[in-house]
Each structure stands twice: as C-alpha cells, then as structure tokens.
Amino acid sequence: MMGVLGTAQLGMAPIVAHIFSKNDDGSASFGWVIGRILVVLLMVHVILILGALMVWAERRVSAWMQDRIGPNRVGPQGLLQPLADLGKFMFKEDVIPGHVNKVMYTIAPLIATIPALITFAVVPFTGSYETVGGESVAVSWQIADLNIGVLYILAIAGIGVYGIALGGWASNSKYSLLGGVRASAQMISYELSLGLAVVPVVLMAGSLNLGEIIAYQAENTWLIFTQPLAFFIFLTASYAETNRLPFDMPESETELVAGYHTEFSSMKFALFFLAEYANMTVAAALVTTLYLGGWTFFGLETLGWGMGVLIFSLKVIFFLFAFIWVRWTIPRFRYDQLMNLGWVVFLPLTLINVVLTAGAIALDQTWMFFLLPVLLIAAACVATWIGWKRDEDKFQPLPTAPAAGEEGHA
Amino acid sequence: MTTVLFIVFGGMALVSALLAVTRQNPIASAIWLVGMFFGLAGVYVVLEAYFVAAVQVLVYAGAIMVLFLFVIMLLDLRTKQLDEEGPPKMPIWGVLAAVLFIVASGWALMDAVGTPGFFPDAEERAALELDGSAKAIGADLFGRWLLAFEVTSILLLGGILGAVILTKRRLT
C-alpha cells in the first residue's frame, strides 16, 4: 500500500507541492489559482460526502451496538443509503408553516451549515518535510495558511449556533424556542472551556498557526502526552459544541420533540443534519491537529504527502467513530448537570491548567504539566474509595428468588 | 482594491448599525448588530489587523451577541409590548450622552492625530513590528498600555459587581 502511494506521488508531487507552497515572490500564476480553486471544491465535497457517510455509519454502528442489522439493502453494506435519503429529502415538499418568520426560517439552516464548511480552509491535511536553515521542518499544506488559524476556526465555528438559535426562534413553536435557547446557553458555557483548553497548546507551540503547532509536535511530542487534561476537556467541550450526546440538549427528543428543527422539513432539515456532521468533522480535525500531531505519525509521514493524507484521515475517522460510540453508550445529561460541568468543573480546571502551563514554560519545569492531571486522578481514586467505604454496609445481597409456586404471580 | 474593500466592509458596518437601531423586532436588531460586527471585522482585515478581526468575531459575534440573543429569546420580547411602552421617556439624557460621547471621542481623536507616529509609515511600522500578529498586540497591551489595560479590567469588574447586586436583591 505504501509502495503504491510512493510511486503514485512521484508524478503528482511537484504539482501538488506547487499548489500548496507559498510563492516567495508573491506572484500567483494562473495554474496556481486554478489549482487552489480545485482544492477548495475538493475539500467541500469531501466534507459533504463524509457527512453523508457519517449518517450511514451512525445508523450501522448504532445497530451493531444494539445487536440489530441496520440499513444494509441499498448498495453493498447499505453504503448507498445516504443517496436514497438525499433523494427523499430533495423530492419532499418544502413546507414553510404559516406561523413562522419566513426570512429567518429560510436562512437559519444556511447560517448553521456554511460556517462548518468554511472552517476547513485552514485545517492542514498533509504536508512535507523541508529543510529550512539546515533543519528539517514539517511544513503543512492547507488551503489558507493563516497565522491566526486557531482563532479563525474558533471564531467561525461559534457562528453556527446562530443558525440553531434563530431556527428555533423563527419556528415560533415552544419546543423549537426552548431548543434554540438551550443551544445558545450551552454554546456560551462551553466555548469558554474550549478556548481555554486551546491556550496551553498555543503557549507550548508558541504560535496560533495550525501548521506551526503541528511542526512543534513533530519536533517534540504530541501534545496529548504533555497536555492530557486540556485534551480531555477540549474533546468533551467539543461534544457540547456540536450538540452531540451526551450533551444534545437543543434537540433532546424525549423532552422537546426534536428541539430546534421540529418545524423543519425536506432540504432545510437535511441542512441542519449536515451541519451537525460537518461540525463533528471540524471538531475531529481540530482535536487531531491540536493534540495528536495532525498528519504526522512517528516518522511514517516521511513516505510522502499521500501518507500524510492517509494518517490524517485515519485519525479524524477515529474521532468521528468516537462521536458515534459515545452517543450510543452514554445517556443524556440533565440540563443543570450540563451547566454545572461547564461552569463549575471545566472552567476552573482549564484556568488552573493555563496558569500551571504558563508557569511550567516560564520556569522550565516539565513536572508542572502533569501536576494537575495526577492530582485529579488521585482525588478521584480517594473519593471513590471513601464513597465505597461509606456505603459498603448498604450493599445487601439481592432478595432470594420467589418460591416456585409463586412464580405465576410475580 | 484595498480601498474598494474598505468601502464595502465599512458601508456594510454602517448600514447594519443603522438597521440595528431602527428595527422594531429585538431579534432582528441583534442580527443586524452581528452583521455590523462582521463588517467591522472585515475593516480590520483590510487594515491587516488579522488578530483583532478574529477576536472581534470570536468575542462579539460568537459570544456576547449569542448571550444577547439568549436573553432576548428568554424574555420573549414582542414588538407589541415595545409599542405599548411608547417612545423613550427622557430623550434629553440620551441626546446629552450622545453629544458628550461624540465631543469626547472627537477630542481624543484630534489630539491623537497630531502626535507623531499615529499614522506610521512603512518604515516606522517595520520598526514597531506592527504586523497585526498576536505577539505585537500582546507586547503593546502588556507593556506600553499595561496600566490602561488593568484599569479597564477593574472597570469591568465594577460592572460585574454592579450587575450582581442589582439582580440579587438579597445577598445571603
């Protein structure tokens, strides 16, 4: 497999490298512009197709976890099911209920979808090693090499919530409104922890540029090893930001029918659906880039840019699978538990982590990185032990089974 | 090209701001304000202040306006209710505040324009390392303007305390 990738890139490498390389003289040739546009189109389609495949994967994996079969009729293993779903969405009547705010109702799905698609512009999906000043440096390839890449993603991803909140409000229905209100409250609560979990990464890499964060990790070590707490909080907060279980309060079916998209149908509903999966893809790509070295994998990426794409894709697919995995494993949080977790647990923890990391860098003390995680694990162990000791006497053996004669009445 | 973009984004900000203060519907007002923030962010990008542009969208459009929207949706303000309240009771104070603000900020601006280095040319910019990066802003904010920065944070803390005391009548 590696051999195939190795030979296939021989002819392609100069062309691809040309598209992604920064032009030093500042001139943009016609071919360069066309190449960039093609890559943009390719990326958008990859996200759209991945979104469709994720719907299929969600149904198949949930079925697998619940010992069912799931959709397996359309195409091999049911892989063409998303196409059938799309056909259904397209040909359904586009109902606009009479009681909605028409303008907001129409643009809300677009506001939800577009930010998720454009954030991918700065995500590095592969790269190569180049010698800069006698040192080998990992140079990432992305559509737009922004110096403030991290902030750009956080800023644009935060806009998507307007689609959900406005969709809920414009529907003029109490369930939708509650869903929209919850979405905005949840977004504000978890964006703080999310942003503060990124700060240690930026402190350690010394840059807001996603490519340079990867270069730092390629040179030193993946940040998941030095910032395990930030990684865990970022991952959890990203579940809340993408409205996935266990934090899917905006659409919790058991309470709010379908939450913010209760009144939406056909392609408008499909766009909300797509936005959720596109946001998941962005979150997975961001976790991969910030904490797991992006397209690098212990030297395997030196085989070529094709290998980089493969490594990056596999990491993203793992986190996408984790989204599904968690959804079908952990039950939904209660609303007050959700708020408590965000404000009382995550916010202080991330703040302490930022201070400790800054101190560790300023004083050059590596052990300070691990102080907080170790303390937390120790505290959790002690609390579990105390709780277990206290309630030990409460564990009674189960009552014995009723006698054979009474079984019919039980 | 830069001038055209500046006019486009500046115009977008101005029109959105005007629409934000004239809408009857509070949600529409909030959305136009978000549009204004995007226009402003565009202006910052044209001025090559990328960090400020990103923070503008991240903080104002992404967090503060979402909070506004949350409060408006929670209170469920209707246009009708606003009509019943009628026009502002004491417009004279509003006009006074506006005049005071314009005079004060105009004065400060005129004062600043006169000082050398307010409009740095290419050489001065290179010397100051004003490349719009986080580093340049951080160095300025926590170096030259540290006192102003800390005073501002105390002001904000006072605002937070005031809000807490106003909403929680009984502090137990």
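In the predicted model, chain A is built with 15 helices and two strands. Of the 410 residues in this chain, 49% are buried, and the area that chain A exposes comes to about 20,200 Å², of which carbon and sulfur atoms supply 70%. When the contacts within chain A between residues at least 6 apart in sequence are considered, 75% of them join residues that are at least 24 apart.

Chain A also meets chain B, and in this interface 21 residues of chain A are in contact with 23 residues of chain B. Between them the two chains bury about 1,900 Å², with 83% of this area on carbon and sulfur atoms. On the side of chain A, the residues that lose the most area to chain B are Y162(A), W169(A) and I188(A), which together account for 29% of what that side buries.

The side of chain A that touches chain B draws on several helices, since at least two of its residues are supplied by each of α5 (149-157), α6 (160-170) and α7 (174-205) of chain A. Its largest share, seven residues, comes from α7(A). By residue class, this side of chain A divides into 16 nonpolar residues, four polar residues and one charged residue.

With regard to specific pairings across the interface of chain A and chain B, zero salt bridges are found by the rule applied, whereas two residue pairs are found in polar contact, both at pLDDT 80 or more.

Note on methods:
Residues are numbered from 1 along each chain as its sequence is written. Chains are lettered from A and ligands numbered from 1 in the order in which they are written. This is a predicted model: local features need pLDDT of at least 70, side-chain atom pairs count only at pLDDT 80 or more; totals for chains, interfaces and linings use all residues. Side-chain values use heavy atoms; hydrogens and water are left out. Contact means heavy atoms within 4.5 Å. Buried area is the accessible area (1.4 Å probe) that two parts lose on being put together, summed over both. A salt bridge is a side-chain nitrogen of Lys or Arg within 4 Å of a carboxyl oxygen of Asp or Glu. A polar contact is a pair of N or O atoms within 3.5 Å; within protein, one must be able to donate a hydrogen and the other to accept it, and residues adjacent in sequence count only if both atoms are side-chain atoms. Helices (H or I, at least four residues) and strands (E, at least two) are DSSP runs, numbered from the N terminus. Ala, Val, Leu, Ile, Met, Phe, Trp, Tyr, Cys and Pro count as nonpolar, Asp, Glu, Lys and Arg as charged, and the others, Gly among them, as polar. Buried means under 20% relative accessible area, exposed over 50%, partly exposed in between (1.4 Å probe, protein chains only). Accessible areas come from the Shrake-Rupley method with a 1.4 Å probe; for residues, only the protein chains shown count as cover.
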